[in-house]
Amino acid sequence: MSDQLLSPDHPSVVFACRGVQVYVKDGDTEKQIVRGVDLTVRRGEKHALMGPNGSGKSTLAAALMGHPSYRVEGDIWLNGERVDALEPHMRARRGMFLSFQYPVAVPGVTVANFLRASLAARRGTEIPVRAFRQELNAAFATMSIDPSFITRYLNDGFSGGEKKKLEILQMLLLKPAFSLLDETDSGLDIDALKIVSDGINLASGPDNGLLLVTHYQRILNHVQPDVVHVFMNGHLVRTGGMELVTALEERGYDWLAEEAAIPEGSRA
Amino acid sequence: MNRDDEMSGTANAVAANAVADARAARSAELTSLNDDYTAKYGFHDPEDYFLKAPKGLNHEVVEMISRKKNEPDWMRAVRHAALDTFRAKPMPRWGDTEGLNGIDFENIHYYIKPQGEQASDWNDVPEQIKKTFDRLGIPEAERKFLAGVTAQYESEVVYHSIREDLTKLGVIFMDMDSALREHPEIVRKWFGKIIPTNDNKFSALNTAVWSGGSFIYVPKGVKVDIPLQAYFRINAENMGQFERTLIIADEDSSVHYIEGCTAPTYSSDSLHSAVVELVAMDRAHIRYTTIQNWSTNVYNLVTKRAHAHTDAVVEWVDGNLGSKLTMKYPAIVLLGERAHGEVLSIAFAGNGQHQDAGAKMTHAAPNTTSRIVSKSISKGKGRSSYRGLVKVNRGAHGCKTSVECDALLIGEHAVSDTYPTMDVAESDVRVEHEARVSKVGEEQLFYLQSRGLDPDKARLMIVNGFIEPFVKELPMEYAVELNRLIELEMEGSVG
Ligand SMILES: Nc1ncnc2c1ncn2[C@@H]1O[C@H](COP(=O)(O)OP(=O)(O)O)[C@@H](O)[C@H]1O
Ligand SMILES: [Mg+2]
């Protein structure tokens, strides 16, 4: 179990946030989506974040990565260092990673050129062609992606499953310290789910951490979380272990909403 | 390595990476050149001319140009008549007429002849001019991948060469002035036949004061397998460059011609107004590629038109960067049955620039086909317009045409507009038209940024991706160069 009292810059903590609130523009005013979230992820830990559709999970993940269209309050630490004032690419270079629920296409940009540029940015040095190619081929094999995708345009015309596999392939290459995985399991068939889960497990080690956002139990049977959070109405309403996942599968979210005294209209 | 490798290789990321490497190497080189147009192209040489016409346009200037060139009487007469036509004609109404009104025709030098005679050995080019073209990478390019080169400095071609084997096959590639002397019968037969003097005000202007430009004749059945190139350089302030190009590809022949253009950065305006005429005889194939990168004080007003006869193919590949105002609508008249025409263009409009570009396609015979692909990028307060005309004449049955316009906007103030005109006189014609405007999306930027790319690099990557369908049509060296130019344009604030 994660210890929320552990100092966010403690050496055993890879990622932490305190009092995170996220606002989006809503016409001339603002709408609050996330209402105060504290998280502490220790090295080697896998956390799951579950919650109803529209509750703000993607918003939280994108805001933690620094998405420019959100106003974010609160403090964020990565490896003991505050990163909340940093632009997304600086967070990425320090080892944060976001696997997108809906990765966008960038027509005309080949997967190879994109990956090479990302890798150079993350490592702070250009990667020689030969070494890059070897690394790439290995990663494509691991993720069972056809090598022809190397010269295709980024996410352009990819199926949902192909996009998700490419996201985890990037996780493998970039070796992040902390990964936010937003519904990486959605839209995958059994085989793809297995490949993606294996990829996530392969990318996880004793030094890094992850937060896996999902609706379903099935990926959690492959990627065993150490900690499970339930997110509703902008709050983490409950934190526990795998037993919480089972309870949610059986009983849905309503009982938690009642316990947390969330009014019926705001349970999304 | 050619460009196809990059696109079609399967597991072969090497080609893609080699391109990336070449680009990286070029941009490293670029950094040392101070990272902007002024340093790379915007420099100017001290003025040392054999002859510089005083500013202004009149019959004396026209007479002087023609006498200096020792032209035959018929050409001198054509010039004088053209000047009268120029004066009588109003500004074109097709295009940015308002922008054209900024031109001060009396503040332009219409003819400047540099020192020295035309050289066919690089060592014989005057030192200063040689240095200029060296700096622009011209002789190097020739050694690497060209079948022939001409280099025009101000009004005259200062260097010219062509591979000997091509000369033996009867291919003629020289500047237009030399062609008028050495092949008067061909020039007289075709000069002004595709674009008559009175086509528009600027074709009349060019006809009155033309100088330099390329002349190419490819005999029947001869395929010129690697490109012929011309490079145009304006050096003096308030210069008018009026080159005249004529390409004739005889039956069953093929040729690829490339032109590149630059000028120094001055605070007052220069004028570039070319006329380019192409004739593709039966089953001939002409590809005409332009990459121009004028400084932002140049008005660039070019008339380009091709005739495509039976089963001929004509392609205009047109990249427009820089200039203050560009108005250019490469045209193809599909005269013979089953002729095919293509115009593939990109335009990049930065702050204060207007790229008004497009295409004109006339289907004058049955079963002719055409395709227009226009991509534009507007950045800062730049404006780019697509202006196009597709015309299907009566009797031109069974034609197919497609028009595709893509505009990419960078920043809040960038502008793009499209003026497509379709004039179709037959009913059994397939017409496809598609227009899209997109912004460099926040989501694309965020995606690339979340992978560690800084916003400038991310934006550049998106823009390069956007023009990739154009870039892959270019020879490798030009592709690298164009990516580098785009990189220059993308630098600095988004405004
Ligand atoms: N940029 C935005 N502007 C306006 N509303 C937004 C924006 N981003 C998210 N929202 C809203 O926030 C809520 C949460 O969305 P989301 O984070 O996608 O939920 P989840 O991922 O949990 O399904 C939704 O009501 C959504 O419409
Ligand atoms: Mg979501």
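## Ligand 1, the magnesium ion and two unusual backbone angles

In this predicted model, a nitrogen atom of ligand 1 is placed 3.3 Å from an N or O atom in the side chain of Tyr70(A). Taken alone, ligand 1 exposes 560 Å², and the protein buries 63% of that area. Two further polar contacts of ligand 1 run to the backbone, one from an N or O atom of Gly54(A) at 2.7 Å and one from an N or O atom of Gly56(A) at 2.9 Å; in both cases the partner is an oxygen atom of ligand 1.

| Residue | Protein atom | Ligand 1 atom | Distance |
|---|---|---|---|
| Tyr70(A) | side-chain N or O | nitrogen | 3.3 Å |
| Gly54(A) | backbone N or O | oxygen | 2.7 Å |
| Gly56(A) | backbone N or O | oxygen | 2.9 Å |

The residues around ligand 1 include Val24(A), Ile33(A), Pro52(A), Lys57(A), Ser58(A) and Thr59(A). By class, this shell has 4 nonpolar, 6 polar and 1 charged residues, and its largest share, 3 residues, comes from α1(A).

Ser58(A), which belongs to the shell of ligand 1, is also a donor to the magnesium ion (ligand 2): the protein donors are Ser58(A) through OG and Gln101(A) through OE1, lying 2.1 to 2.2 Å from the ion. This pair links distant parts of the chain, with Ser58(A) in helix α1 (residues 57-65) and Gln101(A) in the loop between β6 (96-99) and β7 (106-110), 43 residues apart. Ser58(A) has a relative accessible area of 28% and is therefore partly exposed, whereas Gln101(A), at 16% relative accessibility, counts as buried.

Chain A as a whole comprises 9 helices and 12 strands, and buried residues make up 56% of its 268 residues. The C-alpha atoms of chain A fill a box of roughly 60 × 40 × 40 Å along the principal axes. Its radius of gyration of 18 Å agrees with the value near 18 Å that a compact globule of 268 residues would have.

In chain B, two backbone angles deserve a separate note. Most residues other than glycine have a negative phi. Asn70(B), although not a glycine, has a positive phi of about 55 degrees; this residue is found in the loop between α4 (59-68) and α5 (73-88) and, at 65% relative accessibility, counts as exposed. Asp311(B), likewise not a glycine, has a positive phi of about 60 degrees and is placed in the loop between β14 (298-308) and β15 (313-322), where its relative accessibility of 29% makes it partly exposed.

Key. Residues numbered from 1 in each chain as written. Chains lettered and ligands numbered in written order. Predicted model: local features only at pLDDT ≥ 70, side-chain atom pairs only at ≥ 80, totals over all residues. Heavy atoms only, no water. Donors = N, O, S within 2.8 Å, 3.2 Å for Na, K, Ca; no water. Helix = DSSP H or I, 4+ residues; strand = E, 2+ residues; numbered from the N terminus. Buried < 20%, exposed > 50% of the residue type's maximum accessible area, 1.4 Å probe, protein only. Near = heavy atom within 4 Å. Polar contact = N/O pair within 3.5 Å; in protein donor to acceptor, adjacent residues only side chain to side chain. Areas by Shrake-Rupley, 256 points an atom, 1.4 Å probe, with all protein chains shown as cover. Nonpolar A, V, L, I, M, F, W, Y, C, P; charged D, E, K, R; others polar. Rg over C-alpha atoms; globule rule 2.2 N^0.38 Å.
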